[in-house]
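User: I am new to reading protein structures, and I would like to learn how strands, helices and backbone angles are read from a model. Could you take me through some features one by one?

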Amino acid sequence: MIETSHLSFRYSADSPELTFPDLSCPNGEQMLLLGDSGCGKTTLLHLLCGILRPNQGKVRINGQDLGVLTGKNLDRFRGKHVGLVFQRSHFVQSLSVLENLALPYFLTGQAADLDHAQSLLDALGVGHKAKSRPQDLSVGEQQRASIARALVHRPAVLLADEPTSALDDRSTQAVLNLLEEQAAQAGATLVIVTHDQRLKDRYDRKVELKSLAIPTS
Amino acid sequence: MNWLYIAWKNLGAKKLQTALSLILLAFGVGMVSLLMLSEKQLRDTFERNIQDIDLVLGAKGSPLQLILANVYHVDAPTGNIRLADAEKVIRHPYIAEGIPLAYGDNYRGFRIVGSTLAYPQHYDATLQSGEWWKLPFEVVVGSKVAATDGLQVGDTFFSAHGLQDETDVHTDKTFVVVGIMEESHSVMDQLILCNIETIWQVHGDEGDVLDADREITAVLLKKRNPLAVLTIPNVIRETNMQVALPSIEINRLTQNFGIGMNTLRMIAGLIMLLSFASIFISVYDSLLARRYELALMRTMGASPRGLYVSLLLEGGLLSLGGAILGLLLSRGGMVLLAQLVADKFRYDWESLGLLTAEGALVGLAIFVGLVAAAIPGISALRMDISRTLSDSP
């Protein structure tokens, strides 16, 4: 369950205020946040996972108000309950793929379930690359491995940032299927943030973000 | 999985930079430690051989040469002195004991020194086999001599005239090994000992020389009264003899060494400084190249402090590894040096144990390594994750 209320944010005192519509997505459901470039999508994503703090309003994940968490507790909570998939996959390059999947456990102080990590990689078709360095994987393999990493520790919410914007139609379908399947299997709420209009009709639960009336850099 | 493992893997992922930092630090620490070791060995060796010899009586010449020749047996003697003159000094009331030395021959480069049993006793030398000499041409050999030339009790050999080479061998006189000394890490290890009569007889003295004309090389003196240092030079003014103080001459020698040592120490310090700059760059580089990775780890639950610890560990591992390599390097250098010097200086340099000062050196290296990592690490504490993630390609 992820929900927001009266969310607004400004980067600095003299920059314009960004306001966001209220969102709510129950457990296990899927939601699309659609908006053009520069409308504050990334800002909203960062607010949702607590990387940024709103000037006003609240973000709740499974009932926990992120605003009351500070420092290490916020880092831990985010690590435990939110999985992030980025447009381009990034890994800790010096660690193997499997070790990268152990990171979400280690960084949130949990014992790593490597069997689960391996089976997840197997299910996503990159099990044979578990011992490889991330940079030795193809872009597609990297994306699947990064989905595995985002879900390995069974977070409540899976946030995907522009997962399809660089893909052709066929790959877009494949990635979305993968995200939906895996989120459903992990019981995670899936929130996709994108400007990709192709996704518009795929989801019932969607919020269109208004473009700002200010010039963007 | 832990931070140490991640730091270790990160260092392994940039092998060249890691190797550069390690090599620089290893050389810096190695040089400083080698200087410490060799200085200590040199001082120990000098001091062990002086024991409590207060004065050395010998022929006029360079006092330093007199000490080097008769206490350490590394230089040629200054000449001979008359036994009768020497005995006057030995019997002087201010003198407690005098150990006469006479030599002029060698066996395969090891000096054959005629003396009394007081000489080995002075160095607490004990026998590992055989017995002390009683008759002329019976010799007791030092442990190094026995080991190098494979001498055993009962073996015989000819001596060669002079102190170094074997061109002029006295084939008419046979020496018999009657005893082998235990290793004492003193000059005893390098000597072949016999009585003084032996030395006289090798050089054609068949007992027909008057006692008054017999000559020896030097006398090691122990004083009974501190005034001996002032009085004895007056006693021997009319003779060809001089007395020298080992402690003063050796001080002078080590002071001359000291200038070179200081220069080396400065160079070593400079190399260490470079290595810390290299660690600084290595960690800073980690930070720049892995900004996104660090931000990523933050999104996965890492606290800024955790990331800071991982960067500190990188610096710590580098400096610890460099320091350990440096100590190994200095031990290797010491073994090499000992082999080079053992022939020339006839001293064993052993004891490669860790010096207290080296412990401090390693501690300092690790501390500075951590500081070198801590400074760039601060920016990991302050990182704006949102901006780092947004700016990424």
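Analyst: Let us begin with one pair of residues: Ile2(A) stands opposite Ile61(A) in strand S5 of chain A. Please keep in mind throughout that this is a predicted model.

User: Which strands does that pair belong to, and in what sense do strands S1 and S5 of chain A pair?

Analyst: Strands of a sheet pair through backbone hydrogen bonds, either parallel or antiparallel. Here strand S1 (residues 2-9) of chain A and strand S5 (residues 56-61) of chain A are joined by 5 bridges in the antiparallel sense. S5(A) is also joined to strand S6 (residues 64-65) of chain A, again antiparallel, by 2 bridges, and in that pairing Ile61(A) stands opposite Gln64(A).

User: What is found between S5(A) and S6(A) in their hairpin?

Analyst: Most residues other than glycine have a negative phi, and most peptide bonds are trans. In this hairpin there are 2 residues between the strands, and Asn62(A) takes a positive phi near 50°.

User: Where else does a residue other than glycine have a positive phi?

Analyst: Glu162(A) is one of them, with a phi near 45°, and it is found in the loop between S8 and H6 of chain A. At 8% relative accessibility, Glu162(A) falls under the 20% cut-off and so counts as buried. In chain B, Phe137(B) has a positive phi near 70°, and it is found in the loop between strand S5 (127-130) and strand S6 (138-141) of that chain. Phe137(B) also counts as buried, because its relative accessibility is 12%.

User: How many strands form the open sheet of chain A, and in what order do they stand?

Analyst: The sheet has 5 strands in the order S7-S8-S9-S4-S10, and the pairing is parallel. S7 and strand S10 (206-208) stand at the edges with a single partner strand each, so one side of each is left without a neighbour in the sheet. On average, neighbouring strands of this sheet are turned by 15° against each other, direction ignored. At one edge, S4(A) and S10(A) pair in the parallel sense over 3 bridges, with Leu34(A) opposite Glu208(A) in S10(A). Helix H2 (residues 71-81) of chain A lies across S7 and S8, running at about 70° to S7(A).

User: Why is the end-to-end distance of helix H5 of chain A said to agree with its number of residues?

Analyst: The 13 residues of H5 (residues 139-151) of chain A should span 18 Å at 1.5 Å a residue, and the end C-alpha atoms are 19 Å apart, which agrees. H6(A) can be read in the way just shown: its 18 residues reach 26 Å from the first C-alpha to the last, close to the 26 Å expected. Just after H6(A), Gly187(A) takes a positive phi of about 70°.

User: How many residues of H5(A) are buried, and what do they pack against?

Analyst: Of the 13 residues of H5(A), 10 are buried, so this helix is largely enclosed by the rest of the structure. Among the buried residues are Ala145(A), Ile147(A), Arg149(A) and Leu151(A). The buried residues of H5(A) pack against elements of chain A, including helix H3 (97-107), helix H4 (114-123) and helix H6 (169-186), together with helix H10 (291-299) of chain B. In H6(A), the buried residues include Val175(A), Leu176(A) and Leu179(A), and the buried residues of that helix pack against elements including H4, H5 and S8 of chain A.

User: Is Ala123(A), in helix H4 of chain A, buried or exposed?

Analyst: Ala123(A) counts as exposed, because its relative accessibility is 54%. Its C-alpha lies 9.9 Å from that of Arg144(A), although the two residues are 21 apart in sequence.

User: How do H3(A) and H1(B) cross?

Analyst: Two packed helices are described by the angle between their axes and the distance between the axes. The axes of H3(A) and helix H1 (residues 3-13) of chain B come within 12 Å and cross at roughly 145°, and the crossing is left-handed. Glu99(A), Leu103(A), Phe106(A) and Leu107(A) meet Trp3(B), Tyr5(B), Ile6(B) and Lys9(B) there. By class, this contact has 6 nonpolar, no polar and 2 charged residues.

Definitions and conventions. Residues numbered from 1 in each chain as written. Chains lettered and ligands numbered in written order. Predicted model: local features only at pLDDT ≥ 70, side-chain atom pairs only at ≥ 80, totals over all residues. Heavy atoms only, no water. Helix = DSSP H or I, 4+ residues; strand = E, 2+ residues; numbered from the N terminus. Expected span 1.5 Å × (residues − 1). Buried < 20%, exposed > 50% of the residue type's maximum accessible area, 1.4 Å probe, protein only. Contact = heavy atoms within 4.5 Å. Axes fitted to C-alpha atoms, helices over the stretch in contact; angles between N-to-C directions. Left-handed = near helix turned anticlockwise from the far one by under 90°. Nonpolar A, V, L, I, M, F, W, Y, C, P; charged D, E, K, R; others polar. Pairing = 2+ DSSP bridges.
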